[in-house]
Structures are given as structure tokens and as C-alpha cells.
Amino acid sequence: MQTLREFTRKTKRGNILKIVREHYLRDDIGCGSDLCQYCFQNEAYQLTSDHEIKSSLFKYPHYIVLDTNVVLDQIDVLEEDVFRNVIVLTTVLNEVKHKSSSIYKRLNEIIHDRTRNFYVFVNEHHKDTYADREPDESANDRNDRAIRMAAKWYDTHLQTSQESKVFQRSGRSVTRVILLTDDAGNRSKAEAEGILVSTAADYVKSLEDFPMLADKLSQKTFENEKQALPQYPPHLSMKELLEGFRQKKLLQGAFQASRENYLEGSVNVESFEKGILIQGRESLNRAVDGDLVAVELLPESEWSAPSEIVLEEKNVYADDVPSEDRVEQEKEMLQQVQTASVAERTPTGRIVGIVRRKWRQYCGILQPSLIEDTTRHIFVPADRKIPRIRIETRQADKLKNQRIIVTIDSWPRNSRYPHGHFVRSLGPLGNMATENEVILLEHDVPHCKFSEEVLSFLPKMPWAITPEDYAKRVDLRDLYICSVDPPGCTDIDDALHCRELPNGNLEVGVHIADVSHFIRPGNALDKEAAARGTTVYLVGKRIDMVPELLSSNLCSLVGGVERFAFSCVWEMDKEANVLTKRFHKSVIKSKRAMTYEEAQVLIDDSAQTGEIAKSLRHLNRLAKILKQRRMDNGALVLASPEIRFQVDSETHEPLEVEAKQMRDTNSMVEEFMLLANISVAQHIAAEFTECAVLRRHPKPPPTNFDPLVKAARYQGFDVVTDTGLELAHSLDKCVKADNPYFNMMIRILTTRCMMQAVYFISGSLQKEEFFHYGLAAPIYTHFTSPIRRYSDIMVHRLLAASIGADSTYAQLLERKSNEEICNNLNYRHKMAQYAGRASVALNTHLFFRGKEEDEEGYILFVRKNALQVLIPKYGLEGTLYLKGDKDGKDGLERTKSEVVFTFNEEDHTQRCGNVIFHSFDPVTVRLSLDSTNVQHEKLVFRLVKPYIKGFSVETTMDADSDQPPAKKVNKTKKKK
């Protein structure tokens, strides 16, 4: 049967097009029920009478038809195994796909799980359930009518099948069909049409055997808040926002909340270098970190300065302080952070509307409630940038020492906190597996197992290289190729060789795992790798970008095994000048896989005269020349404190912690990887001027260097930041004979001034903008780590297409789609970096649990209320707070203290009596772990030397009295 569908579409030019399409209706689409006697079922029954749900509302067997709003709002409930025999209409499936790709993906996973009995009914092509759009009917109303029609048809259709004498003799109850919808209008129309209907909340609460399922219901509002007074200004409507953007009265950007001060944040707006500062609860106006918001810029006279004071929300119990009192308290707090000189003030604004929410699932803990047997609780997220969330749960006792996941549903004007609902528990607090899971979730790291579809595209084992493969590749198995990596590395991306040529020159080769041979464009394995973007390294744990069969086996260039590689080979003279270069796919057989330490020993031991030792010595000598050449061009040698842990193989807890050691061999490998990356970047940019995948490092704005310049000036050094070369030379001169760590600390400060390096597509920027500031390279890309970076796979494909080693394909040359991939890669790399740091922090805390150690350190920064201290032995840094302890219910009143620290803004020093603290001064601190906040354990730094009475940790040598030495820091610190 054929019908016509008509709809209109607006073109980019504003013209209205009327589109008419043929629409075919069928009478052979099965209903999927094992009760049906009429339908021809194409597959095994999806709706069965084996799974009956007991409901106090519907006391008979039933199937469920879902409305779109139920799927969008209650997906967490639907994912529970309780829900079986559910009919998903294609009308609903299409609406969900249009409105939320993430929920659509989750719904599809449930549908494909055959044990759940979710049946997709193609109502849009069934002759009895297709609803033609009526004149003056909106698309939404038409879809609602189609859903009601399908629910009514199902109920009638199944009742007809159950009227047979055979069924009636069986004594079974008649199965009915129920429509779940949260749309009041749709519900009332369904009732009028005689359809069994319920809201999702009423239905879930009626499930007698699953009382805890109600915790997962999306909470838009709480009953007693409906009449509460507004606590925030109203948001402008989308129409008002668009008009404001058009007239340039409003600005748009991503909101970033502050970790240190819950009353502060900023909005990144393109035309403002440092973004727009937002201060105060009303100005923040219910924005959550990551939201795309509309900002109104305040008059310049009302601009403020970012605070340097840590301001934490202390009182988080619901309803125990009247909101008027809280407003007064917050005004007092805000006054503390808004007293700043005109010179320090930055553009300040207020948020007037939300363009798009970026809510996600949040990890955290339940705040213990002051009220017994209450179901309403405050959830405290692990991420300090996220506000507290109000939830309803009946299992608070069970969850009180658990890490749990909560999602936000709404944030009404009359509620201090957003409303959300409980999703699931992760496990006990402090458990290593639980805390690692929290790190991965909080940093949005995809870490679920690879799906069967993804794994289906892996090579079938046993895998072997065929004669056809040898014929297509350059055979380099006889070369003395070796790899040099950190200890324990199993995903070996790169290997090197160097040999003397008859003409006296040297041939140098960098051989990279040929991952793109195994991952073909567009298949499920490729899409999964692109979505993950990068391998994530935690302490003692690795979350692979590609399945282990590739990362640790078929692609890994392990010693003594034949492997596919993509080779970059240069002919060089003895002074490391490149004479020729070539790229080709090859077959290699690494002669040895070494650690940096083993390679260093081989180079240094003059008794070693084998081919690998000779190769490494040549490579090491050339690398030093290449490095010096880069330094002379203005490349920067930066530093960051890095820690290495020795982890217990069974408990996965840290046994030892030490700063990472750097050897010549680290630098040797790095130099040739850089050379390969630059060589490939030059080649693909010349071949593909519009769509080459490159990496750039923007030059920081001059203001970024202010903390570095000031800190160096106070130490008598003049750091010039006009060009990379001048900065590099300035850093080289920052040397103090009496402080061996001074130069490293200056370089750590310099690293903090840098911008983030990013991937981009060559056609999107001018050539001058390709520059990589840190490497002083006019062009750069990533080619050398395809096992752990998707960007390198993209570069491999471009390079292969350019040399005829592989065919090109449409998406490879599509600038827009590749730009979207680059944006995802930039985000994934940043999150992987943060996750790695969080893992180091977690393991540092575990190492110091139950320990107290006095260690030598140096002051990195002097702040208004704290010293930032670096401990070189462990390569870690932390904060030594100088402010007085706070007491009082909201921490507003400080205790009186005889110890007073004075901060000098001119020379950035802190003075207490005769003791003055400057940046880079040596100090002795006592390290211990503070576990009073179970969610945010922190490493506490307490001053030992120089000794300040009443503030420093008392020791037997320092104590003037006969009293025993105090183990804990004196609680009466100075009043700032």
C-alpha cells in the first residue's frame, strides 16, 4: 500500500520548499508477541509471557509502550533489568535519535540485549498504525497521536488473539498494553480514547518488588519547593538570547567553574583573551561547569578581579539555615574577594541564560543528613567545580560509605541546588578499583570493554605475514633495528636503526608500527579508536585506544618478531644534516627491545662493539647535534615535576615513589621522533594543502609570562619573553650555585605559562599559524605513536595515500569531518592528561597514608595566603597554607592568633616577624595525609624550617619548653 508524505523545509537562503515523498505501508509487520495468532513473526518472539512485572496499578500481565519523553528523562530506570516486554515504536526511536544521540545509543544497547525483551515495532510503515499529519497539526502532536494509535492497536490486537477458547481454557490472565507518558496532554487524550496509561513515576512506584527503583527516577522538582521563593534571577528565553546575540548585547561562551572558589567562574568568549569573570551566586545563575551560556558584560566601573582565596562551601545540609541568612553570609564572603586595585580588574559579567546544558553523570558521595529517616539528601560531587545536588533515595544507610553516580535533572529558580537522581553505586570509598573508576568517569575516559562488533574486525588468529605482504613492502628484516622504551612497556610504537653507508654517510631509520594496516577506515574498530582518541595511562593501569591483540601483540614492535612498519629513512652526513629522505611501508624484525637504562649501559660500555651498540652510539651522537640545533633555533627545554611509582603486583598499591630519571637515551629517542614528525608534516602538508592533520603550539600572550618574569626578577634574573629564542637563552642563564634545583623550578614556572598544543587541519589556518612554539618548528604533526594516538593513524593514512602505499577515501579529504575529529582528539588528550595527574595524586595519597616525613623543599610561588612548595625528592608539589584556621558554623569568623603573616604584593613575599619567604627559598616541610574529608583526601604540608613559634611543627630541637614535641600543627595559625 502506498501513501504520500508532505513536509516543508527552509533552505539556507530562506526559501520554503515543499517536499513530497512516497511512503509505503505494509500489512505483514509482526507484533513480536508470543500470544499473537495472526502476525507472521520474522524472528524469535521478543515479547513473551515468561516475564511478568507485578504492579499495584495494573494487577495483570502487561506490555509497555514508551513515549519519547519517558525515554529521554528516565533512561537510567529503563536500563534496569526490571523492565521487560517493552515496545519501542519507530516514532519514538526517531524522536530520541533527533534529540539526544547519547540516549539513543543507550536505548539501542538495551534493544540489542535479547534478554531484555525490548521490541522495535515499525509503526510508521504498518497500515493500521500509520498516522498522516492533519492540517494545522504540529509535528509533535502528530507524533503523540501516532504513539496513542499504536498503543490502542496493540491492546486491541492482542485481546483479539486472547479470545480463543484454547487461551481461555488455559486459565491465564489477559495481557494488556500500557502507555507510559509524562506528557499531561497526551495522557488525558489517551485516557479519553480508552488507552491504559500512567506516568513513569507512578508506574515505577507501583512496582512492589522493586521499591529502590524509585531512587533512579528523574527529579524535576521536589514537592515542598513548588511554593518556595526564587533564589536566582530568571533565565532569558531562547528567542531573547538569539536577539541579544544578534544585537551584540549578549556574549556566548563555555562556562568554567572555579575549583578554589565556589562563588566564582569564568566564561571563555572569543573576543576576550582571558574570558569574562563571573562572581557571586546570582551572577553565576545556575550555570554548571561546561554549559554553553549567555553573558551580559557589566559596566567597567563594576568589574572585579579574580580572587586568590580558597572559598569552600562548608554548610551543605538541606534546609538548616534560612536562605536570607545564607545570602548575607555570601555577601560577606564576596566582599573579601572583590577588594582589588583597578589595574588588576578584568572584564566581569553575569550569566543571563543557558544556550545548551552539558550535564553528565557525576561521581561523589552522600552528605550525612541531620534528619533521621529522611529520603532527601545532598550529594557532594568529587569534582569541586560541580555544585551539590539534591536527590531522593531510600537507601542512604547503604550508600553512606560508597562512591555513587548521580545525574542532574533540573535546576529550578527556587532551589539552591540542582535536582538529580541516583544512578548507581561504584563501590566502597578508598578502594583502589573504585577510585580508579572515579578518575576515569570524572575525566570522561571511555573505558568499557570493546564490543563484539569492534572485536569482529580484528585479524583472525593465528595471524601470519603472507607472500603478498612481503611483495608489497620493503624488506628490512636484516637491519639491526632496536627499540628503546620505559620499563614494562608492551605497546612498542617505534624502533630505530643507524648504519654506515659505503660513501661515509649514515643511514638513519625510524620505524613506526603500521596500525593503519589493521584498522581500516570507517569500520567499527576505526570508529571506536577515533572516539577514544588516545590511550590513557594511570599508575599501574592502561586504558587502550585499540584492543590488546593489536596494542600489545600484532602492532607492538617486540624483539625478535617480524612486524609491519611504516618507515621514515634519512641519509645524513656526520653533522646530522639530512641529505635525502624516503617513506615506505616495510617488514622489520627488531633485534632487541631495550629499556632506556639498558640502552644507556650499552652506549657507555666501551667493551660492547656489536652492531646494536654501534648503531646506538651513532644515534646518540647525532641526537645531541640535532638537539643543539633545535636549541639554537629557540626550542624550549621545559620541566614538570614527574613521579614514578613502584606498584605492588597484587594489591596495586604504591610501594615506592621517586622522581623520574632522565638519561641521554630518553633524549636520543625523542630527537629522532621529533625529526620523523617534522619530516612527515612537511610531506603531507605539501601533498594535501587543505586536509593535512597537523599539530601547533600557539605562542602564549605576553601576560601569561607575568608570574615567571616577576619571580625571576626578584631573584636577580631578567627573563625576556619576546621570542622563543630569547626566552630559551634567558632560562639557560637562570642558574644559582647555592640552589641546584633553581633552574628546574624556573622551567616548571615557564611550563605553567604555556598554551595547550592542539591538532588542526591545514586548510583551516594560515601557514604562519602552523608554528609550534615549544619546538621552534614551523610545521609539526604526530606520526610516531599510532598504537596510542588516533591522530597518528590519520597521518599514516595521509602519508600512505601520498606515496601510493594505500588508496585514499572520501572522508580522508573532507576538511569539516576531520576538523570534528581533531576537536575530539584535543578534548581526549586534555582529559587523558588530567586523568594521569589525578592517578598520580591518588597514589601519592596512598603512599603517605599513615606516614609523616620531613623533606627538603623549595618555594615555587608565594601566594596571598599560602606557599606553593616543590619536593624534588618525590617530584611533587603542594600547598603550605599560611592563613589562620577558621571556625564558626560557616567558617566566617577566624580565631585570634599571635602569628601574623603579611603579604607584600610588590615583591610577592610573605613576612612573619624576622622570617621572609621569597620564591625559590629552601624550606623543610613535614608531609602527612589529611583524611578528615573522606572524599578529598589531601597531602598536608606543615612548616618545620625556618622555625616560627606557634606556627611551625614543634620538634625536640626547636621546643623551648620541657613539654613533649607536638606531633600535629598548632591550630592557632595566624590571622591573615
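Here are some friendly notes on this predicted model, going from the whole chain to a few local spots.

1. Let's start with the overall picture. The chain holds 25 helices and 40 strands. Of its 976 residues, 52% are buried. The accessible surface comes to about 47200 Å², and carbon and sulfur atoms account for 49% of that area. If you take contacts between residues at least 6 apart in sequence, 68% of them join residues at least 24 apart.

2. The barrel is a good place to look next. Five strands close up in the order 8-9-10-12-11, and the pairing within this barrel is mixed. On average, neighbouring strands of this sheet are turned by 50° against each other, direction ignored.

3. Strand 9 deserves a moment of its own. This strand covers residues 264–268, and 4 of its 5 residues are buried. On one side, strand 8 (residues 251–257) is joined to strand 9 by 4 bridges, with the two running antiparallel. Strand 8 and strand 9 make a hairpin, with 6 residues between them. Strand 9 also pairs with strand 10 (residues 276–279), again over 4 bridges in the antiparallel sense. A handy residue to click on is V267: F255 stands opposite V267 on the strand 8 side, and I276 of strand 10 is opposite V267 as well.

4. Elsewhere in the barrel, strand 11 (residues 292–297) and strand 12 (residues 348–356) are antiparallel partners over 6 bridges. Within this pair, E296 stands opposite R350 of strand 12. Helix 9, residues 238–246, lies across strand 8, strand 11 and strand 12, and runs at about 125° to strand 12.

5. Now for a helix pair. The axes of helix 18 (residues 596–604) and helix 19 (residues 611–633) come within 9 Å and cross at roughly 95°. An angle from 65 to 115 degrees counts as roughly perpendicular, so helix 18 and helix 19 are roughly perpendicular to each other. Helix 18 contributes A599, L602 and I603 to the contact, while helix 19 brings I612, A613, L616, R617 and N620. Sorted by class, this contact of helix 18 with helix 19 has 6 nonpolar, 1 polar and 1 charged residues.

6. One residue from that contact is worth a second look. Is N620 buried or exposed? N620, which sits in helix 19, has a relative accessible area of 7% and is therefore buried, as the cut-off is under 20%. Setting aside neighbours within four places in sequence, N620 is in contact with I603, D664 and M668.

7. Finally, please have a look at the consecutive hairpins towards the end of the numbering given here. Strand 36 (residues 902–904) is joined to strand 37 (residues 909–912) by 3 bridges, and the two run antiparallel. N904 stands opposite T909 of strand 37. This hairpin has 4 residues between its strands, and H908 takes a positive phi near 50°. Strand 37 then runs antiparallel to strand 38 (residues 915–917), again with 3 bridges. Here Q910 has F917 of strand 38 as its bridge partner. The hairpin of strand 37 and strand 38 has 2 residues between the strands, with G913 taking a positive phi near 65°.

Terms used
Residues numbered from 1 in each chain as written. Predicted model: local features only at pLDDT ≥ 70, side-chain atom pairs only at ≥ 80, totals over all residues. Heavy atoms only, no water. Axes fitted to C-alpha atoms, helices over the stretch in contact; angles between N-to-C directions. Parallel < 35°, antiparallel > 145°, perpendicular 65-115°, else oblique. Contact = heavy atoms within 4.5 Å. Nonpolar A, V, L, I, M, F, W, Y, C, P; charged D, E, K, R; others polar. Pairing = 2+ DSSP bridges. Buried < 20%, exposed > 50% of the residue type's maximum accessible area, 1.4 Å probe, protein only. Areas by Shrake-Rupley, 256 points an atom, 1.4 Å probe, with all protein chains shown as cover.
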